[in-house]
Amino acid sequence: MLVAPSILSADFGKLNEEITAICDGGCDLIHVDVMDGYFVPNMTIGPVVVGPVAKVATKPLDIHLMVEDNNFFVDLFAKYEPEYISFHIESEKHPHRLIQKLRGLGIKPAIVLNPHSNPDSIEYLLEDLDMVLLMSVNPGFGGQKFIPSVVEKAKQLKTLIEKRNPNCLIQVDGGVNDKNIHELKDAGVDVVVAGSYVYGAKDYGQAIKSLQV
Ligand code: DX5
Ligand code: ZN
């Protein structure tokens, strides 16, 4: 299991140290939650913060867009050369076009599904994707309770992925901890995002390792 700590739960007063700590602690990706105050009822960070994060990071960036205007934010963040940019299927009229744009920029495209969205709705996009992110909370805030139906959804998605594109990864985001990690692993999940579980721990490295099952 790959682990992507979400910097949303980091102490932004000492962000450089917080980034270095998870990189030294053995994380696989750095999850960056971008919220515009319209698609979700919260606002977070833009290029003024992501630029310095990209400079200090020694692990690849995984940017999760929770925004209305995906194209605008892709244009802003492309220069930081993230490994992944994920966008919500619920906010994009032309997902296939945006996938092609990301590919052209050398960024791995990923699609995010909110708790109500069915994996069937993206079946014909799977062959063009590197990752699908299943939300296990409603997007907008860290520290929420895990929605257990995501486990069944991950199994459903795994079946579709095996049929359409076995290289596509499954990521789960929200309320992940050392209690639910094993059922996620068993369901075929490849990558987990963890914010409050990692940044709420005394030893970030130990928390990350406890999820790398
Ligand atoms: C929620 C974000 C998550 C969040 C995860 O909108 O997408 O990445 O930071 O935080 P935890 O792990 O605390 O649920
Ligand atoms: Zn996220």
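Visitor: Which residues coordinate the zinc ion (ligand 2)?
Guide: This is a predicted model, with local features needing pLDDT of at least 70 and side-chain atom pairs 80 or more, while totals for chains, interfaces and linings use all residues. Residues are numbered from 1 along each chain as written, chains are lettered from A and ligands numbered from 1 in written order, and side-chain values use heavy atoms, without hydrogens or water. Donors (N, O and S atoms within 2.8 Å of the metal, or 3.2 Å for Na, K and Ca) sit here at 2.1 to 2.3 Å. Two are aspartates' OD and two are histidine nitrogens, NE2 and ND1, and the residues are Asp33, Asp173, His31 and His64.

Visitor: What spacing do the donors of the zinc ion (ligand 2) follow along the chain?
Guide: Begin at His31 and go on through Asp33 and His64 to Asp173. Written with the gaps between them, the spacing is H-x1-D-x30-H-x108-D.

Visitor: How many residues apart in sequence are the parts that His31 and His64 tie together?
Guide: Following those zinc donors, we find His31 in strand β2 (residues 30–35) and His64 in strand β3 (residues 61–66). Strands (E, at least two residues) and helices (H or I, at least four) are DSSP runs numbered from the N terminus. Because the two histidines lie in separate strands, the pair ties together parts whose distance in sequence is 33 residues.

Visitor: Are His31 and His64 buried or exposed?
Guide: The test is relative accessible area with a 1.4 Å probe on protein chains only: under 20% is buried, over 50% exposed, in between partly exposed. By that test, both His31 and His64 are buried.

Visitor: Which exposed residues does helix α2 carry on the face turned away from its buried side?
Guide: In α2 (residues 47–56), Val50, Gly51 and Val53 are buried. They cover an arc (of directions from the helix axis to the C-beta atoms) of only 170 degrees, which puts them on the same side of α2. The face turned away from them carries Val48 and Lys55.

Visitor: Within what arc do the buried residues of α8 fall?
Guide: Helix α8 spans residues 204–211, and Tyr204, Gly205, Ala207, Ile208 and Leu211 are buried there. They line one face of the helix, because seen down its axis they fall within an arc of 165 degrees.

Visitor: Which residues are exposed on the other side of α8?
Guide: We have just met the buried residues of α8, among them Tyr204 and Leu211. Turn to the other side of this helix, and the exposed residues are Gln206 and Lys209.
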